[in-house]
Amino acid sequence: MELKAALTDAIDSHGQIRKNLTREESIKDAVDRKEALVTANGALATWTPAPSTGRAPLDTLIVRRPESDSNIDWDSPNNLPVDAETFEMLWADALSVLAAKETVYVTDRVVGADPAYALPVQTITDRALTSLFTLNMFRDVPEGIEESIFAKRGFTLLVLPYDKIDTSRYEGRLRELPDGRTSDMAIVMDFAKGLGLVYGSAYGGSVKKLIFTVMNYYLPLENILPIHCSANENSNGELSLFLGLSGTGKTTLSADANRALLGDDEHGWSGNGVANFENGCYAKLIDLNPEKEPEIFNAVFHEDDYLNHGAIVENAMMYPSGKFDLSDDRMTPNSRASYPLTFLSNIKPSSTGNNPKTVVFLTADANGVLPPISRLNPAQAMLWFLLGYTSKLAGTETGIVDPVSTFSRFFGQPFMPCLPHIYSDMLGHKMKEHDTVVYLINTGWSGGPYGVGQRMDITLTRAMVDAALDGKLENVKYQRDKLFHLDVPVFCPGVPSKILMPENTWPDKNAYKERAIKLSLEFSDYFDKAYGNKNIDDDVRKQCPGK
Ligand SMILES: Nc1ncnc2c1ncn2[C@@H]1O[C@H](COP(=O)(O)OP(=O)(O)O)[C@@H](O)[C@H]1O
Ligand SMILES: C=C(OP(=O)(O)O)C(=O)O
Ligand SMILES: [Mn+2]
């Protein structure tokens, strides 16, 4: 039987389907079934034991099918293939697990605020909390568009967060763990059949990033550019995008009392402008400071009756009083909260906006050698987009403890399954067409590397973002950072000039130089490895640090 039909049968023959519950009903079920605790302020708390505290890139798989194969970049280490037969076995196993569940939850949502390309997503799960997560993160089906888009396409997602795969039959089919056992979790996408499976991962991010990856596969086929970014706009409708890998500040910096938020993580840029994909945010909670990040803090920790609340706090340390200690990272440094956009004080209700005026690339350089802000010309912008540099910090992916240099093209390689030129050509064309101004902001270390220097103060980073977005860096003087080929403003309102050139913040200039050269060589080595045999314009290649 067809995979989708088998699932439909399983749902039809199940005695206890809870379909499209209201928010309140989902919250009540999650609490009654002890999937979550009600915390002091009314939000829900849950704990998803390791390895479910972050994404699982090594267990995230794409089904090989002739229909979708040619669009996918199989050279990317992030696109891990699984054969159709193995997926069919997993699907069948998941269906028998589902059939044995007392209750099954179904939600019908869409992803994409622009109805022209919204993707209907039906989520089937045994967990009320997962179905609430889809209410937080995916959008209501807009009235009147059901027929047009549901007829055109749709995606079905089956989520069994706490069931483990019976590995005995999957030896040689699924990943072998370092200790020789077979992995008992799988996050699988079947683009051709419109099916997704989250089996054995309870991290909410697995669900949201799976659907993001699906959008990033489908949209380029329609000439729409999907981007791993947050977006906000000022009162004149001037829109900014913030691209960056995990932990670089997309969610933090886009939540701004003076700029209306479209979304914190996933957007499409089409002929209609920019549209958020999601309905909510998924914010990191570690060390969240109510003074420095009041918007996010209040979205999660405002007081309300729990039935009206429904923010889901994952893996933060909580005392029996129901209060949190957000500095405690014993469970994980990647504690998170999901909440609907409407919990924030300043949002754009439509989640859609104009073509961006400014694009900010965020990086969190743990070497402390990249300038905190610099301006990129079009060739530089393309280079930094192709490289997607940051230092990967602990937590968001399992297994990362110390920061490691990461190059992840388009600031989101794990989520961008198609051949790379598809995304980069589109960005280049769009930025040219709309004269987009691009800045690079380093939200990472200053005064020395991780362990010696300090992370840039959020208040100072915000001052730099404000200056860039308000056009206040257009007419200041710039100086060249020769090693990284970057133009650095000598003055930025609200920021001590001394910190604008990293060299001036290090007590030991030689140590700075050594570290900077080392990083620049990592750039050029990576460039050669990833793009050495690709047809990259010479003016882009020349911008690579270390070249
Ligand atoms: N200067 C800074 N700019 C942005 N974030 C910072 C800065 N200093 C510390 N942080 C912290 O870094 C993290 C940034 O994470 P987040 O905004 O969730 O990134 P993303 O959404 O890109 O994954 C937050 O925990 C934030 O409090
Ligand atoms: C949810 C995630 O996204 P980000 O860290 O970019 O917010 C993730 O990478 O797991
Ligand atoms: Mn984020």
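Biologist: Let's start with one residue of this predicted model. Is Arg336 buried or exposed?

Modeller: A residue counts as buried if 20 or more other C-beta atoms lie within 10 Å of its own. Arg336 has 26 other C-beta atoms within 10 Å, so Arg336 is buried.

Biologist: Thanks! Which strand holds Arg336, and which residues is Arg336 in contact with, leaving aside its neighbours within four places in sequence?

Modeller: Arg336 is placed in a strand that covers residues 336–340, namely β20. Once neighbours within four places in sequence are left aside, its contacts are Gly204, Tyr282, Ala283, Lys284, Leu285 and Glu314.

Biologist: Where does UniProt place the feature "binding site"?

Modeller: The annotation comes from an unreviewed UniProt entry. Its positions are spread over 282 residues of sequence, yet they cluster in space, with a largest C-alpha distance of 14.1 Å. The residues that UniProt lists are Arg55, Tyr203, Lys209 and Arg336.

Biologist: Tyr203 is on that list. Why is Tyr203 called buried?

Modeller: Tyr203 lies in a loop, between β10 (195–199) and α7 (204–218). Leaving aside neighbours within four places in sequence, Tyr203 is in contact with Thr48, Ser52, Thr53, Gly54 and Arg55. The label rests on a count of at least 20, and Tyr203 is buried because the number of other C-beta atoms within 10 Å is 26.

Biologist: Back to β20, please. What is the strand order of the open sheet that contains β20?

Modeller: This open sheet has 5 strands, and their pairing is mixed. Its edges are β2 (37–38) and β16 (280–284), each of which pairs on one side only. From one edge to the other, the order is β2-β3-β17-β20-β16.

Biologist: In which sense do β16 and β20 pair, and which residue of β20 stands opposite Tyr282?

Modeller: Strands of a sheet can pair either parallel or antiparallel. Here β16 and β20 share 5 bridges, in the antiparallel sense. Opposite Tyr282, in β20, stands Ser338.

Biologist: Which helix packs on this sheet with its direction at about 130 degrees to that of β16?

Modeller: Helix α5 (residues 128–137) packs on the sheet and touches β3 (44–46), β16, β17 (312–314) and β20, but its direction makes about 60 degrees with that of β20. Another helix touches β16, β17 and β20, and its direction makes about 130 degrees with that of β16. That helix is α7.

Biologist: What element gives the largest share of the side of domain 1 that touches domain 2?

Modeller: The assignment gives domain 1 as 3–17 + 54–224 and domain 2 as 226–278 + 350–541. Their centres, taken over C-alpha atoms, are separated by 31 Å, and 28 residues of domain 1 are in contact with 27 residues of domain 2. Of the domain 1 side, the largest share, 6 residues, comes from α7.

Biologist: How many residues on that side of domain 1 are nonpolar?

Modeller: The touching side of domain 1 includes 8 polar and 4 charged residues. Its nonpolar residues number 16.

Biologist: One last strand: how many residues of β26 are buried?

Modeller: In a regular strand the side chains alternate between the two faces of the sheet. On one side of β26, Val437, Tyr439 and Ile441 are buried, and on the other Val438, Leu440 and Asn442 are too. For β26 (residues 437–442), the count of buried residues is 6 of 6.

Biologist: Which residue of β26 is the bridge partner of Arg375?

Modeller: β26 pairs in the parallel sense with β22 (residues 356–363) over 6 bridges, and there Val359 has Val438 as its partner. Strand β23 (residues 373–376) runs antiparallel to β26, joined by 4 bridges. The partner of Arg375 in β26 is Tyr439.

Note on methods: Residues are numbered from 1 along each chain as its sequence is written. Chains are lettered from A and ligands numbered from 1 in the order in which they are written. This is a predicted model: local features need pLDDT of at least 70, side-chain atom pairs count only at pLDDT 80 or more; totals for chains, interfaces and linings use all residues. UniProt positions are given in the numbering used here, feature names are shortened, and annotations may be inferred rather than shown by experiment. Helices (H or I, at least four residues) and strands (E, at least two) are DSSP runs, numbered from the N terminus. A residue is buried if 20 or more other C-beta atoms lie within 10 Å of its own, exposed if 12 or fewer, and partly exposed in between; C-beta atoms are placed from the backbone. Two residues are in contact if their C-beta atoms, placed from the backbone, lie within 7 Å. Two strands pair if DSSP finds at least two bridges between them. Axes are lines fitted to C-alpha atoms, for helices over the stretch in contact, and angles run from 0 to 180 degrees between N-to-C directions. Domain bounds come from an automatic or database domain assignment. Ala, Val, Leu, Ile, Met, Phe, Trp, Tyr, Cys and Pro count as nonpolar, Asp, Glu, Lys and Arg as charged, and the others, Gly among them, as polar.
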